[in-house]
Amino acid sequence: MIYSFIATCKACGIEPREWFEDVIRRIPEYENGRSDVTHLLPKNWKRNFNDCNQR
């Protein structure tokens with residue numbers, strides 16, 4: 001499954017490590033009421049959260 005996420009990140013133009021770190025930080029938010037974790041999938045993450053990760 002990890003390889004699949006990495007490949008999907010690369011296909012979407014996302015740095016896998018950046019995605020993993022952000023998703024790990026966001027998981028508790030989803031466990032506490034937000035049930036639609038599909039926002040965390042690489043393709044959706046890029047659209048919804050990538051602008052929040054500019055450093």
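Asp22, Arg25 and Arg26 are tied together in a network of salt bridges, and this network is one feature of a predicted model whose protein chain holds 3 helices and 0 strands. Aspartate 22 takes part in both links described below, to arginine 25 and to arginine 26. The briefing begins with this network, then turns to helix α2, to two residues beyond that helix, and to the chain as a whole.

**The network around aspartate 22**

- Aspartate 22 has its place in helix α2, and it is classed as buried because its relative accessible area is 3%, which is under the 20% cut-off for a buried residue.
- The salt bridge between arginine 26 and aspartate 22 brings their closest N and O atoms to 2.6 Å, and a polar contact of 2.6 Å is likewise listed between the side chains of these two residues.
- Arginine 26 and aspartate 22 are both buried, and they lie 4 residues apart in helix α2, about one turn of the helix.
- The side chains of arginine 25 and aspartate 22 also meet in a salt bridge, with an N to O distance of 3.6 Å, and here the two residues of helix α2 are 3 residues apart, again about one turn of the helix.
- Arginine 25 counts as partly exposed, because its relative accessible area of 48% falls between the limits of 20% for buried and 50% for exposed.
- An α-helix has 3.6 residues a turn, so residues three or four places apart point the same way.
- Side chains of opposite charge can pair when their charged atoms come close.
- Aspartate 22 also reaches outside its own helix, since its side chain makes a polar contact of 2.5 Å with the side chain of tryptophan 45, a residue found in helix α3.

**A further salt bridge in helix α2**

- The structure holds 3 salt bridges, and one of them joins the side chains of glutamate 21 and arginine 17 at 2.8 Å, N to O.
- Glutamate 21 and arginine 17 are separated by about one helical turn, because they stand 4 residues apart in helix α2.
- Glutamate 21 is partly exposed, with a relative accessibility of 30%, whereas arginine 17 is exposed, with a relative accessible area of 59%.

**The course and packing of helix α2**

- Helix α2 runs over residues 16-31, and because each of its 16 residues is expected to contribute 1.5 Å, with the expected span being 1.5 Å times one less than the number of residues, the helix should span 22 Å, in agreement with the 22 Å between its end C-alpha atoms.
- Along its course α2 bends by about 35° at arginine 25, and proline 28 follows within four residues; arginine 25 is also the residue that forms a salt bridge with aspartate 22.
- The buried residues of α2 are Pro16, Trp19, Asp22, Val23, Arg26 and Tyr30, and these buried residues pack against α1 (2-11) and α3 (42-48).

**Tryptophan 45 and leucine 41**

- Tryptophan 45, in helix α3, is buried, with a relative accessible area of 0%.
- The C-alpha atoms of tryptophan 45 and isoleucine 14 are separated by 9.4 Å, although these residues are 31 residues apart along the chain.
- Leucine 41 is found in the loop between α2 and α3, and with a relative accessibility of 38% it counts as partly exposed.
- Leaving aside residues up to four places away in sequence, leucine 41 touches Phe5 and Trp19, and Trp19 is itself among the buried residues of α2.
- From leucine 41 to phenylalanine 5 the C-alpha to C-alpha distance is 8.2 Å, while the two residues are 36 residues apart in sequence.

**The chain as a whole**

- Read along the sequence, the protein chain follows the pattern α-α-α, and of its 55 residues 25% are buried.
- Among the contacts in the protein chain with a separation of 6 or more, 40% are between residues 24 or more positions apart.
- The protein chain exposes about 4100 Å², of which carbon and sulfur atoms supply 55%.

Notes:
Residues numbered from 1 in each chain as written. Predicted model: local features only at pLDDT ≥ 70, side-chain atom pairs only at ≥ 80, totals over all residues. Heavy atoms only, no water. Bend = angle between axes of the 7 residues up to and from the residue. Buried < 20%, exposed > 50% of the residue type's maximum accessible area, 1.4 Å probe, protein only. Contact = heavy atoms within 4.5 Å. Polar contact = N/O pair within 3.5 Å; in protein donor to acceptor, adjacent residues only side chain to side chain. Salt bridge = Lys/Arg side-chain N within 4 Å of Asp/Glu carboxyl O. Areas by Shrake-Rupley, 256 points an atom, 1.4 Å probe, with all protein chains shown as cover.
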